[in-house]
Amino acid sequence: MKAMWFLEGGQVVCPATGINGRFDVLIDEDLIVSVLPEGQTDLSSADGDIRRLDCSGFVVAPGFVDLVAEVCDPGMTWREDLGSASEAAAAGGFTTVVASPKTDPVVDDPSVASDVIARSSALSGARILQAGALTTKLEGEQLAEVGSLLEAGCVAISDGGRQVPNAAVLRRGLSYARPFNAPVFLRAGESTLESEGCMHEGLVSLQIGLRGIPAEAEEIGVSRLVALARLTGARLHLTHVTSIGGLRALEAGRKEGLSITGTVPARHLVLQDRDVKESIYDTRLRLLPPLRSAPHQEALIAAVRSGLLAGVVSDHVPWSRVEKELEFAYAKSGATGLETALSATLYAMEGDVIATVKALSIGPAQVIGFVPRIEAGAVADLVVFDPKAQRTVTAPKRSRGVNEPLEGRTLLGEVQSTMVGGKLVFGPIAS
């Protein structure tokens with residue numbers, strides 16, 4: 001006999017359908033059967049065992065979608081693997097994650113892509129999709145088999161967070177991706193300026209004696225990519241927009257009608273460059289792009305609220321202690337983020353649940369071509385979270401990474417349950 005789920009008494013928030021109120025959600029196998037006002041669902045004729053999930057006091061929302069995460073599998077599984085990443089994502093409320101091609105070997109060949117995609121289908125946590133590499137070995141010199149990667153099942157083409165200095169190569173890659181209508185994920189920057197620093201260039205970097213990366217490096221990079229999007233007509237997604245200049249250049253491109261979107265790492269909405277000073281050079285704050293100053297952060301939060309940015313990403317980059325416990329300038333860049341993105345975003349949005357759900361679910365999902373919905377007939381990808389919980393962030397519990405820069409901070413919101421395709425992949429045992 002098949003089992004059904006009954007999520008009762010929660011505040012259902014679905015920006016795609018406009019639902020915002022106390023509703024009960026009935027799920028049969030992988031699909032939502034009904035979404036009715038609390039107490040109006042007739043369960044007497046239900047065909048199968050009904051498992052109940054009490055959602056009173058919690059928000060029920062479409063599952064979160066992450067576009068930027070290093071899963072490190074194959075080849076670097078001491079940092080993360082498909083299983084641990086899937087579980088960490090589910091604990092963070094993500095039902096879908098797009099994995100970076102930055103692995104060993106790089107996902108620059110259809111056979112590598114097919115292997116990862118096949119292994120991902122057996123995961124017990126969040127659904128993991130795959131991005132294919134734009135260039136071979138992500139070296140920025142020779143195009144990978146873009147068309148074959150997409151035909152093998154990759155949902156996007158990505159630079160893996162690395163710069164592609166050769167504009168001719170970048171142009172060809174964007175042109176090749178265009179007929180497939182596939183988004184190309186790129187991190188905007190200027191490599192020669194980035195290579196000279198390890199944190200945001202400003203008053204704080206001057207005070208503490210660390211070489212800075214000017215925000216203009218990102219502004220130059222975004223302007224360059226906007227021009228190439230105009231030239232090629234490709235779908236372009238800027239994975240890390242973290243500066244005022246970058247936002248202005250993105251806005252200019254969007255006003256032209258170009259198919260260009262952007263996201264910001266959730267942690268950049270909470271942390272600032274001054275935190276590097278106050279932490280006494282904590283290398284968990286060694287990031288690329290670096291943490292910015294207050295004016296940049298304020299502009300980023302406003303851009304998420306207004307929709308200029310499609311939303312936020314976890315920017316999950318797990319490292320071991322060996323790679324992080326070094327002098328600040330020599331530590332690897334990046335931080336974990338799958339388990340804390342909700343809390344960081346909800347805190348930055350000052351408890352605005354609708355803005356948070358748009359930023360974590362609707363906006364990112366649209367970048368890869370779908371709109372999560374809570375309605376009859378929709379796939380039951382759902383997250384249940386407590387929007388009022390005061391959460392003190394701890395070290396990652398499911399990710400293998402140790403580098404959580406928000407550890408010790410008290411943020412807002414905590415995931416209670418996550419459901420992928422009608423299967424409870426995180427949360428308490430239902431009654």
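How do the residues of the lining of the largest cavity divide into nonpolar, polar and charged? The points below take up this question first and then turn to the pockets, the aromatic pairs and two helices. The model under review is predicted.

1. Largest cavity. The lining of the largest cavity divides into five nonpolar, two polar and four charged residues. The charged members are Asp-159, Arg-162, Arg-187 and Arg-224. Gln-163 and Gly-189 also line this cavity, as do Val-164, Leu-170, Leu-186, Ala-188 and Leu-225. The volume enclosed is about 60 Å³.

2. Other enclosed space. In total, the structure holds four cavities of 30 Å³ or more. The second largest of them contains about 50 Å³ of space. Its lining is made up of Ala-266, Arg-267, Ser-314, Thr-336, Gly-337, Thr-340, Ala-341, Ala-344, Glu-404 and Leu-406. By class, four of these residues are nonpolar, four polar and two charged.

3. Largest pocket. Among the open spaces, the largest pocket has a volume of about 660 Å³. It is lined by 33 residues, and those closest to its centre are Lys-102, Gly-160, Gly-161, Arg-187 and Leu-288. Two elements, β6 and α5 (191-194), give two or more residues to this lining. Strand β6 provides the largest share, three residues. The classes represented are eleven nonpolar, 13 polar and nine charged residues. Arg-187 deserves a remark, as this residue is listed in the lining of the largest cavity and also among the residues closest to the centre of the largest pocket.

4. Second largest pocket. A volume of about 300 Å³ is found for the second largest pocket. Its lining has 18 residues, of which Ala-91, Glu-339, Arg-391, Lys-397 and Glu-414 are the closest to the centre. At least two residues each come from α12 (341-348), β16 and β17 (410-420). Helix α12 gives the most, with three residues. Seven residues of the lining are nonpolar, five polar and six charged.

5. First aromatic pair. How many aromatic pairs does a search of the whole structure find? The search finds two. In one of them, the ring centres of Phe-64 and Phe-94 are 6.0 Å apart and the planes stand at 75°, so the pair is edge-to-face. Phe-64 belongs to strand β6 (residues 64-69) and Phe-94 to strand β7 (residues 94-99), so this pair ties together parts that are 30 residues apart in sequence. Phe-64 is buried, with a relative accessible area of 0%. For Phe-94, which is likewise buried, the relative accessible area is 0%.

6. Second aromatic pair. Phe-64 also pairs with Phe-385, in a tilted arrangement with 6.2 Å centre to centre and 50° between the planes. Phe-385 lies in strand β16 (residues 382-392) and Phe-64 in β6, so the parts tied together here are 321 residues apart in sequence. Both Phe-64 and Phe-385 are buried. Through these ring pairs, Phe-64, Phe-94 and Phe-385 are linked into a cluster. Strand β6, which holds Phe-64, is also the element with the largest share of the lining of the largest pocket. Strand β16, which holds Phe-385, supplies at least two residues to the lining of the second largest pocket.

7. Helix α2. Which residues of helix α2 (residues 110-120) are buried? They are Pro-110, Val-112, Ala-113, Val-116 and Ser-120. These residues lie on the same side of α2, because they cover an arc of only 160° around the axis. An α-helix has 3.6 residues a turn, so residues three or four places apart point the same way. The buried residues of α2 pack against α1 (82-91), β8 (127-133) and α3 (146-151).

8. Helix α1. Helix α1 is mostly covered, with eight of its ten residues buried. The buried set consists of Leu-82, Ser-84, Ala-85, Ser-86, Ala-88, Ala-89, Ala-90 and Ala-91. The elements that cover these residues include β7, α2, β8, β17 and β18 (423-426). Strand β8 thus appears in the surroundings of α1 and is also packed against by the buried residues of α2. Ala-91, buried in α1, is one of the residues closest to the centre of the second largest pocket. Strand β17, part of the cover of α1, contributes at least two residues to the lining of that pocket.

Terms used:
Residues are numbered from 1 along each chain as its sequence is written. This is a predicted model: local features need pLDDT of at least 70, side-chain atom pairs count only at pLDDT 80 or more; totals for chains, interfaces and linings use all residues. Side-chain values use heavy atoms; hydrogens and water are left out. Buried means under 20% relative accessible area, exposed over 50%, partly exposed in between (1.4 Å probe, protein chains only). Helices (H or I, at least four residues) and strands (E, at least two) are DSSP runs, numbered from the N terminus. The arc is that of the directions from the helix axis to the C-beta atoms. Contact means heavy atoms within 4.5 Å. On a 1 Å grid over the protein atoms alone, a cavity is a set of points where a 1.4 Å probe fits but cannot get out, and a pocket is an open set with protein on both sides within 12 Å along at least five of seven lines; lining residues have an atom within 4 Å of a point. Grid points are joined across faces, edges and corners, and a volume is the space filled by probe spheres set on the points. Rings of Phe, Tyr and Trp (its six-membered ring) pair if their centres lie within 6.5 Å; planes under 30 degrees apart count as stacked, over 60 as edge-to-face and the rest as tilted.
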